[in-house]
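Please read the points below alongside the sequence and the coordinates. They are set out as a colleague's note, to be checked one by one.

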Amino acid sequence: MDDPSITFAREIVARDPMATFLGIRLEEVRRAYARLSVFIKPEYLNAHNRAHGMILSSLIDQTAAVAANSMEYDVLLVELKINYLAAAAPGELITAEAKPVDIKKALSLWAVDVRNASGTLVATGQALGYHRIREKTKD
């Protein structure tokens with residue numbers, strides 16, 4: 001039987017309406033880990049014909065949210081810090097991986113790296129999550 005926390009992260013959090021609208025796709029989720037990706041569409045470009053920080057920050061936020069919610073808590077991200085390190089070009093697939101830096105009872109800190117298909121680090125981020133006890137769903 002599948003872990004209910006992994007199922008929640010995969011079926012609910014990874015399919016959130018904004019992420020779905022942006023085309024952010026789940027590649028892998030397991031306890032305290034997630035990998036998501038997105039293709040850089042023309043509408044995601046800035047004035048310099050490179051990926052706008054908005055799509056990178058959205059990918060980082062969503063990847064951290066999926067990883068954080070793969071545990072027994074409902075996690076709300078309350079802070080996001082991003083460093084943009086390289087350009088992502090139109091049509092490029094970028095992939096983000098989230099891993100925990102520290103997990104406490106009420107807070108967790110997540111590191112998220114975004115890479116292009118050749119492995120270049122495009123951006124790195126940190127997300128701070130606030131934990132709430134997950135309410136059991138009624139069947």
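1. I would begin with Ala32, which counts as buried because its relative accessibility is 13%, below the 20% limit under which a residue is called buried. The model is a predicted one, and the backbone at this position deserves a look, since the phi of Ala32 is near 60°, a positive value in a residue other than glycine. Ala32 belongs to the loop between S1 and S2, and these two strands form a hairpin with two residues between them.

2. The hairpin itself can be followed through its pairing. S1 and S2 are joined in the antiparallel sense over five bridges, and within this ladder Arg25 stands opposite Ser37 in S2. A side-chain contact between charged groups may be read together with the hairpin: Arg35 and Glu28 meet in a salt bridge, with a distance of 2.7 Å from N to O. Arg35 is partly exposed, at a relative accessible area of 25%, and Glu28 likewise counts as partly exposed at 25% relative accessibility.

3. A second residue with a positive phi is Asn49, where the angle is near 60° and the residue is again one other than glycine. Asn49 is placed in the loop between S2 and H3, and its relative accessible area of 42% makes it partly exposed. What, by contrast, is the burial class of Ala32? Ala32, with a positive phi of about 60° in the turn of the hairpin, counts as buried at 13% relative accessibility.

4. Turning to the sheet as a whole, six strands form an open sheet in the order S1-S2-S4-S5-S6-S3, and the pairing is antiparallel. The edges are taken by strand S1 (25-30) and strand S3 (73-84), each of which pairs on one side only. Neighbouring strands of this sheet are turned against each other by 20° on average, with direction ignored. As a reminder for reading the ladders, strands of a sheet pair through backbone hydrogen bonds, either parallel or antiparallel.

5. Another ladder worth tracing joins strand S5 (residues 107-116) to strand S6 (residues 121-133), where nine bridges connect the two strands and the direction is antiparallel. For a fixed point of register, one may take Val114, whose bridge partner in S6 is Ala123.

6. Two helices should be considered in relation to the sheet. Helix H1 (residues 4-13) lies across S1 and S3 and runs at about 170° to S1. Helix H3 (residues 53-68) lies across S1, strand S2 (33-39), S3, strand S4 (93-103), S5 and S6, and its direction makes an angle of about 145° with S3.

7. Which residues does Ser57 touch, if those up to four places away in sequence are not counted? Ser57, which is found in helix H3, touches Leu80, Ile82 and Tyr84 on this count. Its relative accessible area is 19%, so Ser57 is classed as buried, although a reviewer may wish to note that the class applies under 20%.

8. On the surface, Leu76, Val78, Leu107 and Tyr130 form a nonpolar patch, and together they have about 350 Å² of accessible area. Leu76, one of these four residues, lies in strand S3, and it counts as partly exposed because its relative accessibility is 39%. In general terms, the side chains of a regular strand alternate between the two faces of the sheet.

9. The charged contacts close the note. How many salt bridges does the structure hold? There are eight salt bridges in the structure, and a network of them links Asp2, Arg10, Glu11 and Arg15. Within this network, Arg10 forms a salt bridge with Asp2, the closest N and O atoms being 2.5 Å apart, and the side chain of Arg10 also meets that of Glu11 in a salt bridge of 2.9 Å from N to O.

10. The exposure of these network residues can be given for three of its members. Arg10 counts as partly exposed at 27% relative accessibility, Asp2 is partly exposed with a relative accessible area of 38%, and Glu11 is partly exposed with a relative accessible area of 28%.

Technical notes
Residues numbered from 1 in each chain as written. Predicted model: local features only at pLDDT ≥ 70, side-chain atom pairs only at ≥ 80, totals over all residues. Heavy atoms only, no water. Pairing = 2+ DSSP bridges. Helix = DSSP H or I, 4+ residues; strand = E, 2+ residues; numbered from the N terminus. Axes fitted to C-alpha atoms, helices over the stretch in contact; angles between N-to-C directions. Contact = heavy atoms within 4.5 Å. Buried < 20%, exposed > 50% of the residue type's maximum accessible area, 1.4 Å probe, protein only. Patch = residues over 30% accessible without salt bridge, like charges linked within 9 Å, V, L, I, M, F, W, Y side chains within 5 Å. Areas by Shrake-Rupley, 256 points an atom, 1.4 Å probe, with all protein chains shown as cover.
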